[in-house]
Amino acid sequence: MLRMSTLLLRTLRDDPADAEVASHKLLVRAGYVRRVAAGIYAWLPLGYITLRNIERIVREEMDAAGFQEVHFPALLPKDPYEQTNRWDEYGQDLFRLQDRRGNDYLLGPTHEEMFTLMVKGEYSSYKDLPLSIYQIQTKYRDETRPRSGIIRGREFVMKDSYSFDLDDEGLAISYEKHRSAYIKTFTRLGMNYNIVSAVSGAMGGSRSEEFLAPCPTGEDTYVLCEKCGYAANVEAMLTKVAPYSGESAPAMEVFDSPNTPTIDSLVDLLNSKFGPGHVAADTLKNVLLVADGKAISVLVPGDREVDLKRFQANLAGVHELRLFDDQDFVKYPGLVKGYVGPQDAKKLGITVYADPRVVIGSHWITGANQKDKHVRYVTHGRDFEIEGFIEAAEVKAGDTCPECATPVVIDRAIEIGHIFQLGRKYAQALDLTVLDKDGKSRVVTMGSYGIGVSRAVAAIAEQTHDEIGLCWPREVAPADIHIIAAGKGDQPFEMAEKFAQDIEAAGLRVMIDDRRDPSAGVKFKDAELIGIPFIMVVGKGLESGVVEFRNRKSGEKSELPLATALTTIISTIQEA
RNA sequence: CGGGAUGUAGCGCAGCUUGGUAGCGCACCAGGCUGGGGGUCUGGGUGUCGCAGGUUCAAAUCCUGUCAUCCCGACCA
């Protein structure tokens, strides 16, 4: 039983100054968490109980699916991460440290290497597969900018699983098992979520989906087709385009276009020079980038912006991508800022990619690679060639679904789970092989599956809170019922205590506000802030032989006669 | 990485322009009233004014440096 008279808890009346999002404000105000450093939080009793409830649910569902729990250290040696090249690839986001001998260590951001090595150390036959193992561990990522409180911290709790199979069919089965275990888990957590297709990442892997909890403060953007159910992270949304069917254009024609550094100014000039009817979509935007030190450009129609995250996610093998800066223009004197076109790219040593909308055969108005000059009738396939089509244009509301051509809706969400078919990257790098039926050595194929456990606390808070406080789903809440003793004298306290013991004896989790000093009003406010799903008030009603029973979420209140209150309350909660 | 801002009690903030040795609200402690919506009265200050230098008789305040934190942007080529 949780007793507020002794619970380590101090609720706050004011929002913390550094909090922006609701979950952050409320978790701090209600005394669930306290900030220790940027992106690093301590859990107070109420918060820790909540966190462990989520852990418990996750663990139960993993175990029910037949996965085995293991546990690795958070502090890891550099070596395995060097073998997979992640010591370098992970870059600045990796927390690194040295021991007294100067040896390098890291705080694990994920544990693919360790799991792979564990299986390698124990297993060597196809008969041992399939295998899925998981852990619930504290992870570390030195985010450039931790934000939104618990949602994006530098230290966080994550459940990560890894599956090991001999072949792709096995991997598909392991993947499906995780997928359904995740559905059960998030449903039990009382979350509203969508499963969306995601970019499987630069390192290959055939299938990847994210579990997203819709929420205005979320950092991820996804599209949803309300007609056919297609859902994708914006990074992964596919663009379906028809082949070019228009007439072929005349030869390229350069024209003067002073003072048109932007698309808008260019369109104005086109309309006055060549007659009205020109729009931004007739022009071709050339965005110059530096990808791992190499100059590249990406083409999108002039009415679209480039979504760099989306582009990078789809551009295999590039770790660092940034826009051209003035120094880069100095290095490539053939490129004139504001007047760039793809037709001279080969000559200038630029690799060109294009959004699928820039179809072969289409012609465009674009920069002439000379100051104050543009060129028209520049035709894809005739006047320039590209390295490949890459999804790069920003996704806009109203863009059409690639499956059924219905306009999609765009929404924001918090990523709470991610499942994906890793393939053989790690097994290959760390030489995880087993002998197959024919005695031949085969590289194992893997899947990797994550749930943000601490993030789920915040995501649930985001989805369930209201104006007055938190409002937990029952399984997640720190208790099933919050009993308030209110009023003068000993009687309400003694009665509340009795109820608390009886309700607990029925197997429910009870928190009792047995504090003598605070007035009833304070206790009500605290109860609403803390967000336990049912609230019972033992106080003034005693005079007329009743207690009050409230539903935190609906606000519904009822007065129950003392004689039947206990059984009514117990059955109501159990049925909830 | 770039831009903006802020560091003063557990939390939220004022004081800084014009230097004189720290204050308000909440919380907290003692006591009284009140006792169903963050009530009230009296008394109590719990502080390395982020840190380090400097100027000065005197620095929260002015100067320099440094550290930390928060917000915005990582885009119209």
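**Entry 1: a strand pair to start with**

In what sense do S15 and S17 pair, and over how many bridges? I looked it up: S15 and S17 run antiparallel, with three bridges between them. Two strands count as paired here if DSSP finds at least two bridges between them. Ala291 stands opposite Leu321 in S17. Helices (H or I, at least four residues) and strands (E, at least two) are DSSP runs, numbered from the N terminus.

A note to self on ground rules. I'm working with a predicted model, where local features need pLDDT of at least 70, side-chain atom pairs count only at pLDDT 80 or more, and totals for chains, interfaces and linings use all residues. Residues are numbered from 1 along each chain as its sequence is written, chains are lettered from A and ligands numbered from 1 in the order in which they are written, and side-chain values use heavy atoms, with hydrogens and water left out.

Back to the sheet. I traced five strands in an open sheet with mixed pairing, in the order S17-S15-S16-S18-S21. Strand S17 (321-323) and S21 are the edges with a single partner strand each, so one side of each has no neighbour in the sheet.

**Entry 2: the whole chain**

I stepped back to chain A. I found 15 helices and 30 strands in its secondary structure. Its C-alpha atoms fill a box of roughly 95 × 70 × 50 Å along the principal axes. Of its 576 residues, 52% count as buried, meaning under 20% relative accessible area (exposed is over 50%, partly exposed in between; 1.4 Å probe, protein chains only).

I also checked contacts, meaning heavy atoms within 4.5 Å. Among those in chain A with a separation of 6 or more, 68% link residues 24 or more positions apart.

The domain assignment lists domain 1 (46-74 + 108-237 + 410-462), domain 2 (253-389) and domain 3 (481-575); such bounds come from an automatic or database domain assignment. The C-alpha centres of domain 1 and domain 3 are 40 Å apart.

**Entry 3: around the RNA**

Which residues come nearest to RNA strand B? Of the 43 residues around it, I noted Arg13, Arg145, Thr262, Glu305 and Glu528. A residue is near the strand if one of its heavy atoms lies within 4 Å of it.

By class, I get 13 nonpolar, nine polar and 21 charged residues on the surface near RNA strand B. In this scheme Ala, Val, Leu, Ile, Met, Phe, Trp, Tyr, Cys and Pro are nonpolar, Asp, Glu, Lys and Arg are charged, and the others, Gly among them, are polar. Looking from the RNA side, 49% of the strand B atoms within 4 Å of the protein belong to sugar or phosphate, and the rest to bases.

Then I picked out some atom pairs. A polar side-chain atom of Lys285 is 3.3 Å from a base oxygen of RNA strand B. Asn286 uses its backbone: an N or O atom there lies 2.8 Å from a sugar or linking oxygen of RNA strand B. For Lys540, a side-chain N or O atom is 3.1 Å from a sugar or linking oxygen of RNA strand B. The elements giving two or more residues to this surface are strand S15 (284-291), helix H14 (520-530) and strand S29 (546-551). H14 has the largest share, with seven residues.

**Entry 4: the sheet with S29**

S29 made me look at its sheet. Six strands form an open sheet in the order S1-S27-S26-S28-S29-S30, with mixed pairing. Strand S1 (2-3) and strand S30 (557-561) are the edges, each pairing on one side only. Strand S28 (residues 534-538) runs antiparallel to S29 over four bridges, and Met536 has Phe549 in S29 as its bridge partner.

**Entry 5: a covered strand**

Strand S11 (residues 208-214) has seven of its seven residues buried. In a regular strand, side chains alternate between the two faces of the sheet. I checked both faces of S11: Ser208, Glu210, Leu212 and Pro214 are buried on one side, and Glu209, Phe211 and Ala213 on the other.

Its partners came next. Strand S10 (residues 194-197) joins S11 by four antiparallel bridges, with Asn194 partnered by Leu212. S11 and S22 are antiparallel too, over seven bridges, and Ser208 has Phe420 in S22 as its bridge partner.

**Entry 6: Glu391**

Is Glu391 buried or exposed? Glu391 is at 10% relative accessibility, so it counts as buried. I found it in the loop between strand S21 (388-389) and strand S22 (409-423).

Its side chain makes a polar contact with the side chain of Thr239 at 2.6 Å, and another of 2.7 Å joins the side chains of Glu391 and Arg310. A polar contact is a pair of N or O atoms within 3.5 Å; within protein, one must be able to donate a hydrogen and the other to accept it, and residues adjacent in sequence count only if both atoms are side-chain atoms. Leaving out residues up to four places away in sequence, Glu391 touches several others, including Met237, Leu238, Phe311 and Asn314.
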